[in-house]
Amino acid sequence: MIGALADLALRRPWALLAANLAVAAAAVAASLGAPSDLGIGSTRLEGSAGPELAIVLEGDVAADTRVFEVAEDVITAQAEADTAVAAVRPAPDRAGGGGGDGAGAEGRAVLVVEFEDISEAERQQTVSGLLGRIDPGPLRVSFTGETATVVEARDSLGGDLWRVELLVLPLVLLAMAAATGPRLMLAPLVAAVTAVAGTLALMRLVGVVGDVSLLGLAPGAVVGAVLGIELPAIVAAVHRDETALSPPTEALRRAVDESARRTATIAAAASVPALGMLVTPLDQAPSLALGCALAAWLAAASAL
């Protein structure tokens, strides 16, 4: 395969560049909107407990009136209609105390939603649905709890995260100009974009069948940007060294072969530290490891 890549570079160098640009463009297109499809994930440790969703009802009438009673019954029925919800129980209002019948301080009541044993992504999807269909009647409703918070954050950041990613490009441009010179600036630019956007696009695809979160994108973006700059510079340096020792055709073949070994080694080395998180109790460790590994290998492939 490496020999075929070298032959293609000799016969049709622009075909490689065109293919790389096409992959980068496809990755950017596929990554748009992906933050809205992926859960942010949970930073809690495995086995830790905490309220996933608490529904807070407030109104201008006392919490022990018929208005609150009817609203609680309606919301409980709406929530328990979802198969992912195990139970809905009244809780004392933590702000004002109260009994266990859901009635806290005047004008306020709290319902705690308990979920079945489902993944973080499924839990966030369930909460998103509940937020959209719960009807508090004449009362005001708000949502608290870890899952409700990350769903709100995802909705707030989903449309802007990909724009934030593009802010890395000026830094990439400066770093790659220093690393490779103006003539080869396109290589690290394409590699960095492919690694960062490609990681998000592939995580979106994996999220269709698995439980992945946006927490894996942050370290993945760092790995992708750094290796997107460094690996093309390594390939260019190897080619310069081989050109000084061999005829152009042989130099290119040897440079591709040597660069393949080096980039593969570096990509593997960049993936190993992230894999170490799998032995920790962090709930989203697999997403962090996946983001780093995808970015490292995409940067290596693009550099070659």
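**Exercises on a predicted model**

Arg-261 is partly exposed, with a relative accessible area of 46%. The structure is a predicted model.

**Exercise 1.** Determine which residue Arg-261 meets in a salt bridge, and place the pair in the fold.

*Solution.* The side chain of Arg-261 meets that of Glu-258, at 2.6 Å from N to O. Both residues belong to helix α11 (residues 248–275), where a spacing of three residues amounts to about one turn of the helix. The pair is also part of a network of salt bridges that links Asp-257, Glu-258, Arg-261 and Arg-262.

**Exercise 2.** Classify the exposure of Glu-69 and of Arg-66, which form a salt bridge.

*Solution.* The N-to-O distance in this bridge is 3.0 Å. Exposed means over 50% relative accessible area, and buried under 20%. Arg-66 has 55%, so Arg-66 is exposed. Glu-69 has 41% and is therefore partly exposed. The two residues are separated by about one helical turn because they lie three residues apart in helix α4 (residues 66–80).

**Exercise 3.** Describe how helix α2 packs with α9.

*Solution.* The axes of α2 (residues 13–31) and α9 are 8 Å apart and form an angle of about 40°. This angle makes α2 oblique to α9. The crossing is left-handed. Val-23 is located in α2, and its C-alpha atom is separated by 7.0 Å from that of Thr-194, although their positions lie 171 residues apart along the chain. Val-23 has 47% relative accessibility, so Val-23 counts as partly exposed.

Technical notes:
Residues numbered from 1 in each chain as written. Predicted model: local features only at pLDDT ≥ 70, side-chain atom pairs only at ≥ 80, totals over all residues. Heavy atoms only, no water. Axes fitted to C-alpha atoms, helices over the stretch in contact; angles between N-to-C directions. Helix = DSSP H or I, 4+ residues; strand = E, 2+ residues; numbered from the N terminus. Parallel < 35°, antiparallel > 145°, perpendicular 65-115°, else oblique. Left-handed = near helix turned anticlockwise from the far one by under 90°. Buried < 20%, exposed > 50% of the residue type's maximum accessible area, 1.4 Å probe, protein only. Salt bridge = Lys/Arg side-chain N within 4 Å of Asp/Glu carboxyl O.
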